[in-house]
Amino acid sequence: MKHDITEKNNVTIVSLVGDVDLESSPEARKILMECVNLNRPVLVNLSGIGYIDSSGVASLIEALQTARKRDGEFALVKVSDGALRVLQLARLDKIFTIYDTVEDGLAGVS
Amino acid sequence: MPKASISGHSVAMVKQAAKKIPTGGDVENFSDHLELLALMGRDFAASMDIEETLNKGLARITRHLNAVGGALFLLDETGEKLCCTSCSGDTEITGLTLGGDEGIVGYCVQNNIAEIVRDVTKDPNFQQAVDKQTGFVTKSILCAPMSVHDQCIGAIELVNKVGGDGLFSEADLQLLQALSSSAALAIINARMAEALVEQERVKRELELAAEIQRSLLPDKRSESFPVHGVNLPARMVSGDFYDFFPLDDGRICFNLADVSGKGMNAALLMAKTASLFRCLGKTIHEPGLLLAKINAEICETATRGMFVTMVGGVYDPKTGHVRLANAGHEPPLFHDANGAFTALPAEAPPLGISPLLVEDGGFPETELDLKGGTLYVFTDGLTEGYVEDGSELQVDGLKKLIEENAALSAPKRLDAIIARINRDDQALRDDLTALIIEDSAQPEMLALHPGVEIIPSDGAGGEKQLKLKLKFPSQPNRLKLVRSLVSATAELCGCGQEASQDIVLAIDEACQNVIRHAYKDEPNGEIILEIRHNEDEMIILLRDFAKTVDTAVIRPRELDDVRPGGLGTHFIREVMDEVAFMPPPEDGGNLLKMVKRISHET
């Protein structure tokens, strides 16, 4: 798994690329929590996700809950088909705010 | 004309410090005096050649005050001798040296006061020997110290006034005082400028030395290289160093050392020791022997009292094996794969103390297997460095820092540790050097577990055709390969893309459960995965050899319960048409059976 963190309009945009599985999810969790801890709105770009498992989804949930506790914005953008399927299986596609594009996401969380 | 003698006067005459402002007949000269002061001030300020300027200045003063001769004396570096550096008029005594308190000049300099001796013949202590020898008759002397505030650097002395009674007046003395001060300032400034130039030169040389020193350090390697180091000098040059270089057989020779003391002498010994290590280390691969050789070389030529503490060793990335020798150095820390720390204390004295202490086999060696752990070698500049609250980091603080940054790559972790001590607001207390050797356990693990093994069908098994049988260790980093094999198998069995993805997810989650819950993250467990296929279903069997799990406690997560964890089992049940734990096999472990029906409409 690779990742990339950028900032735009005071929004942290973190892209996770590759497989988020048992091997890489501790790193994904760490990255997500770091982004949330910046106390700025966070957009997670999942367009490059090939595979995500329950541990990866758990990392997303933990980050979402931490952000919400602080009234922070946390949303997913450009969720890949594979990742969306897993979120649907977990019935989490309604829990997360999901935007089709980064621009929509920026408008939505700003 | 005979030359005058300026020395040899005692100071028993009437001495009067000039205090009055010029009055009466002196007034007409006053504006001339001011003009001279201004002229000389300008000369001194603009001077590039202080000697030439002083010569010119002294000649002007001598002429202006109508003196027959003048001399300028400067105190030497020790402050004990006065030397005549410049003369004008009929006096030529350049190079004449007096004791710091000799004669009227010495008296003026010692007491930092101006003197007027109207008639030296009335001085019972006046020695006329020189006058007699030269034929010059000294009548009157005017002398003023060259001083700025309390700092006196010499004096200007004038002899015999031309015309009149040949005696100097108080007004003359007052003027000479003012001119002397101005000369003193010029000399002090010139000396300071000279010192600055010298300082700059030394600084440039130090910069060159620092550059050479940096070139002795190894080049930065890519993140995946197992050895990384950092060296930050407290001053411009460093007494610490580290080095590592690969040997022909793939092993890596490394060292880290600390030369006693700081500054240039330590830096030079550092350069010598580093060169010895790099040169000898290429042919001598036994660390104990290598350090013994270096020790012998340093002892042969070392400056008395200087020594080097060093950790030198060889690391084999293929096996994780480290052989090292520690000569009086701070104990390296080994952080093993389970998180425990072990210190490796020195078993030999520092290098450069005594060649006799080395036994035939060289310095004692320590051997250890990193097994996926990390070795930290560092100087006391790290452990004795100050953290934010002003306390020393200490070894316990270092351990904590290592643990806190465990998730980072080795070079990033090293940077994070160093950053704790090397902060913008704080000068380094000592040279700071650290070396990290991070063993990736994979090569060794691969030797034990050859990745994912595909087990060929034995032809038995009957009606359910075996499509795939895999054996792999209970390690998360095998799952990616398992997933791709499962995905390919599902497609072979006629599954559509979504069904394939679902099967991959379910099997991956089931494998995770085995790794995390059955084997409890123990990496050496064995997992066997079988996929069988008949016309309309895929049957997946997952076998482990861990302690039998109580299947009653395994249940899917409640879906309205949004929290991390517990999702995997839900995924499996959601995706698969049948999920069942089979009765525990006779030889222990667990067997999970999953069935996925394949719809052939697509």
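In which sense do E2(A) and strand E3 (residues 42–52) of chain A pair, and over how many bridges? Select the two strands and you'll see them pair in the parallel sense over 8 bridges. Two strands count as paired if DSSP finds at least two bridges between them, and the element names follow DSSP runs numbered from the N terminus (helices are H or I with at least four residues, strands are E with at least two).

Before going on, some housekeeping. This is a predicted model, in which local features need pLDDT of at least 70 and side-chain atom pairs count only at pLDDT 80 or more, while totals for chains, interfaces and linings use all residues. Residues are numbered from 1 along each chain as its sequence is written, and chains are lettered from A and ligands numbered from 1 in the order in which they are written.

**Stop 1: the strands of chain A**

Stay on E2(A) and E3(A), and pick out Ser15(A), which stands opposite Asn45(A) in E3(A). Now trace the chain from E2(A) through H1(A) to E3(A): this β-α-β crossover is right-handed (with the strands pointing away from the viewer, the path from the first strand over the helix to the second runs clockwise).

Next, add strand E1 (residues 2–8) of chain A, which runs antiparallel to E2(A) and is joined to it by 7 bridges. Look for Glu7(A) opposite Thr12(A) in E2(A). E1(A) and E2(A) make a hairpin with 2 residues between them, and Asn9(A) in the turn has a positive phi of about 50°.

Is strand E2 (residues 11–20) of chain A mostly covered or mostly open? Mostly covered, with 7 of its 10 residues buried. Buried here takes 20 or more other C-beta atoms within 10 Å of a residue's own, exposed takes 12 or fewer, and partly exposed lies in between, with C-beta atoms placed from the backbone.

**Stop 2: where A meets B**

Show both chains. On this boundary, 21 residues of chain A are in contact with 24 residues of chain B (contact puts the C-beta atoms, placed from the backbone, within 7 Å). On the chain A side, select helix H1 (25–36), helix H2 (54–69) and helix H3 (81–89), the elements that give two or more residues to it. H2(A) gives the most, with 6 residues. Color that side by type and you get 9 nonpolar, 3 polar and 9 charged residues; Ala, Val, Leu, Ile, Met, Phe, Trp, Tyr, Cys and Pro count as nonpolar, Asp, Glu, Lys and Arg as charged, and the others, Gly among them, as polar.

**Stop 3: chain B and Arg60**

Switch to chain B, with its 14 helices and 22 strands. Of its 602 residues, 39% count as buried.

Go to Arg60(B), in helix H2 (residues 50–64) of chain B. Arg60(B) is partly exposed, with 17 other C-beta atoms within 10 Å. Leaving aside neighbours within four places in sequence, Arg60(B) is in contact with Leu36(B) and Met40(B). Try a distance to Ser88(B) too: 28 residues apart along the chain, the two C-alpha atoms are separated by 9.0 Å.

**Stop 4: a five-strand sheet**

Select E7-E16-E15-E12-E13 in chain B, given in their order in an open sheet of 5 strands with antiparallel pairing. Strand E7 (227–232) and strand E13 (341–343) of chain B are at the edges, each with a single partner strand, so one side of each has no neighbour in the sheet.

Inside the sheet, 3 bridges join strand E12 (residues 333–335) of chain B to strand E15 (residues 374–378) of chain B. Phe334(B) has Leu375(B) in E15(B) as its bridge partner. Then bring in helix H10 (residues 410–421) of chain B, which packs on the sheet, touching E7, E15 and strand E16 (432–438) of chain B.

**Stop 5: a six-strand sheet and its helix**

Last, select E17-E18-E19-E20-E22-E21 in chain B, an open sheet of 6 strands with antiparallel pairing. Which strands stand at the edges? Strand E17 (453–454) and strand E21 (578–581) of chain B, each with a single partner strand. E17(B) is joined by 2 bridges to strand E18 (residues 465–473) of chain B, and Glu453(B) stands opposite Lys471(B) in E18(B). Helix H12 (residues 479–492) of chain B packs on this sheet, touching E18, strand E19 (526–534) and strand E20 (537–544) of chain B.

Key. Two residues are in contact if their C-beta atoms, placed from the backbone, lie within 7 Å. Axes are lines fitted to C-alpha atoms, for helices over the stretch in contact, and angles run from 0 to 180 degrees between N-to-C directions.
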